[in-house]
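These are my notebook entries on one structure. I record below what I looked up.

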Amino acid sequence: MPNLPPNPDDALMGAASRNGRTEAVVPTYYERPMLKAPHWEWNVVTYLFLGGVMGGLGLIQLLAHPERDDERRLKRTARYTAFILAAANPAILITHLGKPERFLNMMRIVKIKSPMSLGVWGLVFYSGAAGANVVRELAVDGVLPRWMRFVAPGFMAPAQALLGAFTAGYTGVLLSATANPFWGSGKRHIPAASVCSGLASASALASLLSTLEGNHAAVHKLERLEMVAGAAELLVLNDFKRASGEYGKPFFEGKRGERLRTYTVLAGTLAPMALNALGQMVKLPKPIDAVRTTVASVLTLVGGYILRDSLIEAGKASARDPKAAFRQPR
Amino acid sequence: MATGFFTDTTLCIGCKACEVACKQWNELPSDGFEFTGNSYDNTSELSGTTWRHVAFVEQMSVDPEGGLHDRWLMSSDVCKHCTNAGCLEACPTGAIIRNEFGAVFIQPDVCNGCGYCVVSCPFGVVDLIEKFDPEGTHYNLASLSESRLDSKQTAVQQSGGVAGKCTLCYDRQKVGFVPACAKACPTESIQFGDLDELRARAKARVETLTERGVEATLYGADDVGGGIGSLNAFFLLTDRPETYNLPAQPVLPSTRQPAGYTAAAVAAVGLALAGWMIFRNA
């Protein structure tokens, strides 16, 4: 804001007369926060994390081709897992809201301008598509009568993938389209990172489950997908650090920054990438390879969870900084 | 008819009658008692159960000639009832509505306590109300009348854990009363009325003050920028907005949504293509 009158408080604070010159100092109100910090805890972190994972599984179940044996099995695993996660997520949201009935209040309206409203509807429709595809799997496997596979015609696979992309992406928009200065500074980066991290975590979970099934051919492809998604996530986070500047400090610097670098970047992305690259290049004995995949997958999943937790915690810190709140990012 | 508040901070004497009147009329619980050491402000901030908050700013400085300059700014803060309200747009249940008086109102029986409005208010006004505890010693109504608590809890008290903020005294306005804070204000620092009339009055007041050599500006009488528009509760200030804990550059959160959804879509399409190549080539 140009031409602001000097604040008489500055002289008293001793900030104005450095080098004998008057510096413009942004006043604060007893350094009290201007904004309210989110009161979101582990349940919202988990809700966002699972939103990303189930979104990624939506893509994986589409990519897997039903006529190749390994991908056929992968498709089934991805669909079952996606449905379980989609069913679990409302329960997690309810632990945050306090009472089950409160979840139903979300169903009163559809509000395009509210990412929370759109996201819940995205979740509901995703659950529908995932459920239909699970019925199809059960019918194909003979658990349910064969005719029931028509519950999920062919277009349900791309539908689940599209809805999945939305479920993963909106978990980022949910944060970036708020008044929180740090979240707002990542209006492009947080949604993009959420999609990348969601797919990396989904690939990790699918390869972990495929390893347990002994479906090694599918693991090979999933690990390549995980590497690409992880690399994209790192590129986005790196650019986010540059673009967010002062706003990004609660996330990228200090203890939280260290935790992010250790768990999400190093252990959660770079280490699994190295392990996955090793798996692509060297043919290891099967038991050792299973351990390698398991370690890489668990690391990626933990890294993805820590990323969401760091976003929430940095948001809390950012809300407590009045100077960031006075000038909200556009 | 859109109504609102014009809070003229040059008239505020810091008596906190507005805070008390608001708490009494709206049956809001006490926030406990804590000395902050921040001048006479022990209320500190607006919250789910504090809908008016009087800020005390003590400014004292010594100029190079040794002259003492002191100024005491007092300002009664309140929900701004924005033209484009971040909380209203964010609310996923439709609990937050714009009522017939142009005010932003939270229906406590519809609110599900998700807290998304809390992080979507560019002014840090809305907050969640703690769960109501009839046994709680901090709740001063409990000491007034126990029988009242059984039968006549307000909707906010019954539900607990919902969002709360100024209603612009929706219930009083409905029966033609002036909001409690404006009614209680002894200096007419808080003025209530038709918005057009209030804005005209505020602009005239700025002119008068300027003639007297007081630097006065209006905050929120016109568009505050960032997509928010004007504020139905606006202020006359004599210092930068930050001095009163008001943002110099507030932004309507939903304006960032198109960029966010686009970025997510670009990432998703890119990764889907990469995935397609990986699975096709395998």
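Is the crossing of helix 6 of chain A and helix 8 of chain A left-handed or right-handed? I found the crossing to be right-handed (clockwise turn of the near helix from the far one by less than a right angle; anticlockwise would be left-handed). Helices (H or I, at least four residues) and strands (E, at least two) are DSSP runs, numbered from the N terminus.

I noted that this is a predicted model, in which local features need pLDDT of at least 70 and side-chain atom pairs pLDDT 80 or more, while totals for chains, interfaces and linings use all residues. Residues are numbered from 1 along each chain as its sequence is written, and chains are lettered from A in the order in which they are written.

**Entry: the helix pair.** I read an angle of about 145° between helix 6 (residues 156-176) and helix 8 (residues 189-213) of chain A, with axes 7 Å apart (lines fitted to C-alpha atoms over the stretch in contact; angles run from 0 to 180 degrees between N-to-C directions). Among the residues that meet are A:Ala165 and A:Gly169 in helix 6 and A:Val195 in helix 8.

**Entry: A:Val195.** I listed its contacts (C-beta atoms, placed from the backbone, within 7 Å), leaving out residues up to four places away in sequence. They include A:Ala168, B:Ala264 and B:Leu271.

**Entry: the chain contact.** I saw 66 residues of chain B in contact with 69 residues of chain A. Helix 10 of chain B gives the largest share of chain B's side, 16 residues.

Terms used
Contact = placed C-beta atoms within 7 Å.
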